[in-house]
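User: Please take a close look at one part of this model, the strand pairing, and follow it through to the nonpolar core.

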Amino acid sequence: MGSLVALCVLIVVLGFVKTELQNKEFALSGNLTLKPAASPSSISSITWKHNDNLLAEQLNKESPPDYYPPTEKRISLNFKTGELSIIKLTEKDAGKYNVEINNVIQNVGYQVKIIKRVPVPTVVVQPLACSETSTDCSLDCQGDVTGAGTVRYFWKEDDGDWKESAKKKEIKNDADTQTIKEFFCKVKNSVSDEESPATKNPFYKETSSSTVNEETDNRNALHQCAGNLIFKSH
Ligand SMILES: *[C@@H]1O[C@H](CO)[C@@H](O)[C@H](O)[C@H]1NC(C)=O
């Protein structure tokens, strides 16, 4: 008896939870387009709801769509494809979207998040006293990512490849690191990405150019020496 009741409850619950919500993220101030996951070959009526409130509706091909509130100028509906578009997104546009086509509620809806674009980050060397005599330091990819949702960090050395890692990067004052001139970081979320300007490696050692300098010094010394010899032999 108990298990029968449980089964009935389960069936009722499943009946209510038949709409699957897909997560979507859009940029604040940007545009949104939502497409019905599956639409019949011909649409005779379409209704979009936002948080269970009527948002856009067109009940036949002849009449124009209605938008709610009617003063809303940012929404548009494509009757042919069923696509809903909203421009100049604000935080209020976040929430649940459902669509009904030809009087059938579609079993795929959307859970919309409105997030901020990431800012242009800067690479900050830490601690402040970090210098070429330090044994290790860290690089921090800084920028205010409040409201930007899930962000990912990437690092690049000179003109190398971007590699995903953490917001903070530890650097050791070793032979490998000493060959790197500059560091770059990049912040990315689902709606944007931005790269930092270059930051000089505090541990960089000018190996190749110092060799060149030594060579020219040697050559100068040789010239002087030869000059002296020629001068003296006269
Ligand atoms: C949003 O859509 C409008 C109208 O189609 C367009 O002018 C504008 O450039 C779009 N904005 C973005 C950020 O894509």
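Analyst: Two strands count as paired if DSSP finds at least two bridges between them. The model is predicted. By that criterion S11 and S12 are paired, since DSSP gives five bridges between them, and the two strands run antiparallel. One of the matched positions is Val123, whose bridge partner in S12 is Cys141.

This pair belongs to an open sheet of three strands, ordered S11-S12-S15, with antiparallel pairing. Strand S11 (122-126) and strand S15 (168-172) are its edges, each pairing on one side only. From one strand to the next the twist averages 25°.

A second open sheet of three strands is also antiparallel and has the order S2-S7-S6. Here the edge strands are S2 (32-34) and S6 (75-77), and the twist averages 15° from one strand to the next. Three bridges join S6 to S7, and Ser76 stands opposite Ser85 in S7.

Both sheets lead to the largest nonpolar core, which has 29 residues. Among the elements that give two or more residues to this core are strand S7 (84-86) and strand S12 (136-142), together with others including strand S3 (46-50) and strand S10 (108-115). Domain 1 (19-115) and domain 2 (122-205) both contribute residues, so the core lies between them.

Leu77 and Leu84 are among the residues with the most contacts inside the core, as are Trp48, Ala56 and Val112. Leaving aside residues up to four places away in sequence, Leu77 touches Ile46, Trp48, Ala56, Gln58, Pro65 and Leu84.

How values were computed
Residues are numbered from 1 along each chain as its sequence is written. This is a predicted model: local features need pLDDT of at least 70, side-chain atom pairs count only at pLDDT 80 or more; totals for chains, interfaces and linings use all residues. A nonpolar core is a set of buried Ala, Val, Leu, Ile, Met, Phe, Trp, Tyr and Cys residues joined through C-beta atoms within 7 Å. A residue is buried if 20 or more other C-beta atoms lie within 10 Å of its own, exposed if 12 or fewer, and partly exposed in between; C-beta atoms are placed from the backbone. Helices (H or I, at least four residues) and strands (E, at least two) are DSSP runs, numbered from the N terminus. Domain bounds come from an automatic or database domain assignment. Two residues are in contact if their C-beta atoms, placed from the backbone, lie within 7 Å. Axes are lines fitted to C-alpha atoms, for helices over the stretch in contact, and angles run from 0 to 180 degrees between N-to-C directions.
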